[in-house]
Number of protein chains: 2
Amino acid sequence: MLAQRLIERKRDGGRLDAGEWRALVNAYAAGHVADYQMAAFLMACFIRGMDRAETSSLMSAMLNSGEKLDLAYLGVPRVDKHSSGGVGDKVSLVLAPLIASMGVAVPMMSGRGLGHTGGTLDKLEAIPGFRTNLSLDEARAQLESLHVVMIGQSREIAPADKKMYALRDATSTVESIPLIAASIMSKKMAEGLVGLVLDVKRGSGAFLPDLERDLELAGTMIQLGDDHGCPVTCLVTAMDRPLGRACGNALEVEESILALRGEGPADLMEVTYALGAEMLLLAGTHATREDARRDMAIQIGNGKAAECFQKIIEAQGGNPGVVDDPAVLPQADQCELYAAPRRGFVSRIEPRTVGRGVIALGGGRTKMEDTIDPTVGFVISSRPGDWVESGEPMATIFARDRAGIEAGRAALATAITVADEAEPPLPLVSHRVTKGGVEDLSSQSS
Amino acid sequence: MLAQRLIERKRDGGRLDAGEWRALVNAYAAGHVADYQMAAFLMACFIRGMDRAETSSLMSAMLNSGEKLDLAYLGVPRVDKHSSGGVGDKVSLVLAPLIASMGVAVPMMSGRGLGHTGGTLDKLEAIPGFRTNLSLDEARAQLESLHVVMIGQSREIAPADKKMYALRDATSTVESIPLIAASIMSKKMAEGLVGLVLDVKRGSGAFLPDLERDLELAGTMIQLGDDHGCPVTCLVTAMDRPLGRACGNALEVEESILALRGEGPADLMEVTYALGAEMLLLAGTHATREDARRDMAIQIGNGKAAECFQKIIEAQGGNPGVVDDPAVLPQADQCELYAAPRRGFVSRIEPRTVGRGVIALGGGRTKMEDTIDPTVGFVISSRPGDWVESGEPMATIFARDRAGIEAGRAALATAITVADEAEPPLPLVSHRVTKGGVEDLSSQSS
């Protein structure tokens, strides 16, 4: 039997050729290879590793298990951004309308939160009525009219990946760089892009906290893009603290709207502009990052970016009034301030603990079928390095009830460290990785 | 979730403690851990390995998932023999009645053939009417009356092992020494034995062809027995050629009956006596191997061993007339001689090819649900080292039809090499392994 022979080969450290990957993935998608066989195979891949050609073959097989968007007829460049996931990371909500407002199409397919990290789909669904589950035909129609769509992985796209990802999640075979890279890229390469920007998070709150592993993931995805004729630029950004102030679905939508109006927190704007500039360079609309940044700031200043977000919300069934009045968003029943426990420097705001705190409040998932409460979360106004006096408000906790407030308080007490000395945070954008190599930006930053 | 944490730990080269093994095995047996999770876990065990304590914990957990026989009340010692599997290996059919006829109880649980090796149950079922699927209560009753039973793994014994073995077979995680050892011993330790003899096969037709791996398997099973208070003696025997002349289910029953009558081929008798002597030493009925061998020869000579086989067959629903007249066994429709293709020495009779030839004739399985034809197979009268003239009969092929005869002929043509020089075969019984260490017997043999 095919499956057993291939499992055996991978188990013993061998490799599969492109035809074997295709046959195995197709047989699995069709139900001819059992879940338990694929689980054993994936564990062997996890432990033994996969070379570049194998990773590319797996990606192609998953990509070709479904439909692909061909968007060349739109007559505009198509780019997307993908993040490896973090806490408070609402960049996609700002970037998609911002870039789309500049004559570049953004066919954005995102995921849900799982573990301590949030997900773009959950955030968007905090907007009353917003539909993320468009069919591929609906998505195509919206891309024609608006040049932007913000949806989940539709069932037509890379169904083999969807099935394998669910299996990996249940069998502790997620954190493998080739498997992660092939999974992400099998969906992104179905979007018909001319370029892709990756935001690989680094630091204690990141999926892969090690810089070395981050660069390996970036390099693998860049190679996969290159193998499929799609240039990829990767920025390594900080996730040793939450990004921006808001953590929690509706709260993050509100902060994204502030950002689209030019009132976003500095760190969120910096990461958004850095990633957006790379998207515009790949799209070919701008030749330098300085030009790109200047034009993005203009689009935010003149209201076009916010207007585009309003159109997206309206097209996808949401209440567009949210952009003018974020109070339209569902509101938490209770909110309370969190005060500094002592005077000193804010030395750590541990994102993983903050993310788990949002879950404890009911705003995240521990399993895929959990429903989430969009209203709960934190707005943390203090930043690492700030000086605070004892009793000074540092954050606001949003919860369903008293028990939630207490759970939130406990989470922040663990997450936030106030000490005699400040710890130097990671540089916000530390590395830029392309096919050409790794550029260390932290040594160049002012 | 428990399963994912344990999979993750094993994946990363860690170990589980006894309580974790028990919890995991019980949760799997109860259906609370999915097949795909156990498959990923077993692959991690296969690649990362398991230490002695872990192997023992797994064995105990599987053992305790089911019932155990407590046979102390029989008032006689209880021993069993287990073979790692070979071609033409019908030793169990001779040993069980032989040893039981000597005042020692033999609660023998055997397996079916899979791959190129045969299985004791399939051989016994070639006897018209013979039932191997007795319930544990039926087995107990027969042990009281006859002191011997020859059955399959009843569903009451180590059900967790049964479920895990089927999964391993489908996921290419069979050939792991700790997993093999724990699986075998979880069943054997349920038999309420005072001693166990292992026949670990060595050579090209063995499951683990390497002597080094054979000794590792022997050592692991000896340790597992020791951990559970059951002394284990292991003999390493030759499987670089089939054992005896007959290969095929009914043909092997016939040869076993010949052996019980004192007319068995020399190699089969030698391995039977060697293993039987170790069983009697462990039972404590004999103090030296010489005494044990002498008494076994007496039991065969006086017909008591054959008589005991007759009683077993009768008790288990088979036609006991087969012992007096093997023609009662189902007969193949066609048989034909196989002649030497040239003159020379018989330098190789490759057991794996012979075993696959039996499968090609319809007498073995490629999957567990295949039904088998008991009549087909080979009787190979030539032995490695014999001189043959061109055209001289070397073997008889038993088949259903012409196509079978031709398939059998092709198999023998590949399996048997006649050459100018004889190749020295492996010593029939080369090593004796106990808790005390490894004894090399080949240097001592006459």
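The legends below describe close-up views of a predicted model with chains A and B.

**Figure 1. Overall form of chain A in the predicted model.** The secondary structure of chain A consists of 16 helices and 14 strands. Along the principal axes, the C-alpha atoms of chain A occupy a box of roughly 65 × 45 × 45 Å. The radius of gyration of chain A is 22 Å, which agrees with the value near 22 Å for a compact globule of 446 residues. Of the 446 residues in chain A, 58% are buried. Among contacts in chain A between residues at least 6 apart in sequence, those joining residues at least 24 apart account for 78%.

**Figure 2. The interface of chain A and chain B.** Contact across the interface involves 22 residues of chain A and 22 residues of chain B. The two chains bury about 1800 Å² between them, and 66% of this area lies on carbon and sulfur atoms. R11(A), Y36(A) and I47(A) supply 33% of the area that chain A buries against chain B, more than any other three residues.

**Figure 3. Polar and charged pairing across the interface, with the elements of chain A that touch chain B.** The interface of chain A and chain B holds two salt bridges. In a salt bridge between R11(B) and E175(A), the side chains meet at 3.3 Å, N to O. Polar contact joins 10 residue pairs across the interface, both members being at pLDDT 80 or more. On the side of chain A that touches chain B, α1 (2–11), α3 (35–48) and α8 (159–170) of chain A each supply at least two residues. The largest share of that side, 10 residues, comes from α3(A). By class, the side of chain A that touches chain B has 10 nonpolar, five polar and seven charged residues.

**Figure 4. S92(B) and the buried helix α5(B).** S92(B) lies in helix α5 (residues 91–100) of chain B. With a relative accessibility of 7%, S92(B) counts as buried. Excluding residues up to four places away in sequence, S92(B) touches K81(B), P97(B), M108(B), T120(B) and M150(B). The side chains of S92(B) and K81(B) are joined by a polar contact of 3.1 Å. The helix α5(B) is mostly covered, with 10 of its 10 residues buried; among them are V91(B), L95(B) and I99(B). The C-alpha atoms of S92(B) and T414(B) are separated by 28 Å, and these residues are 322 residues apart along the chain.

**Figure 5. H147 in chain A and chain B, with positive phi.** In chain A, H147(A) is placed in the loop between α7 (136–146) and β3 (148–152). Phi of H147(A) is near 65 degrees, a positive value in a residue other than glycine. In chain B, H147(B) lies in the loop between α7 (136–146) and β3 (148–152). Phi of H147(B) is near 65 degrees, a positive value in a residue other than glycine.

**Figure 6. The surroundings of Q153(B).** Q153(B) is located in the loop between β3 and α8 (159–170) of chain B. The relative accessible area of Q153(B) is 18%, so this residue is buried. A polar atom of the Q153(B) side chain lies 3.2 Å from the backbone oxygen of I157(B). Leaving aside residues up to four places away in sequence, Q153(B) touches M109(B), S110(B), A158(B), D161(B), K162(B) and K187(B).

**Figure 7. The salt bridge between R289(A) and E278(A).** The side chains of R289(A) and E278(A) meet at 3.1 Å, N to O. The pair links distant parts of the chain, with R289(A) in helix α13 (residues 289–301) of chain A and E278(A) in helix α12 (residues 266–283) of chain A, 11 residues apart. R289(A) is partly exposed, with a relative accessible area of 30%, whereas E278(A) is buried, with a relative accessible area of 2%.

**Figure 8. The salt bridge between R400(A) and D373(A).** The side chains of R400(A) and D373(A) meet at 3.3 Å, N to O. R400(A) lies in the loop between β11 (393–399) and α16 (402–415) of chain A, and D373(A) in the loop between α15 (351–360) and β9 (377–380) of chain A, so the pair ties together parts that are 27 residues apart in sequence. R400(A) is partly exposed at 44% relative accessibility, whereas D373(A) is buried, with a relative accessible area of 11%.

Terms used. Residues numbered from 1 in each chain as written. Chains lettered and ligands numbered in written order. Predicted model: local features only at pLDDT ≥ 70, side-chain atom pairs only at ≥ 80, totals over all residues. Heavy atoms only, no water. Contact = heavy atoms within 4.5 Å. Buried area = accessible area lost by both parts, 1.4 Å probe. Salt bridge = Lys/Arg side-chain N within 4 Å of Asp/Glu carboxyl O. Polar contact = N/O pair within 3.5 Å; in protein donor to acceptor, adjacent residues only side chain to side chain. Helix = DSSP H or I, 4+ residues; strand = E, 2+ residues; numbered from the N terminus. Nonpolar A, V, L, I, M, F, W, Y, C, P; charged D, E, K, R; others polar. Rg over C-alpha atoms; globule rule 2.2 N^0.38 Å. Buried < 20%, exposed > 50% of the residue type's maximum accessible area, 1.4 Å probe, protein only.
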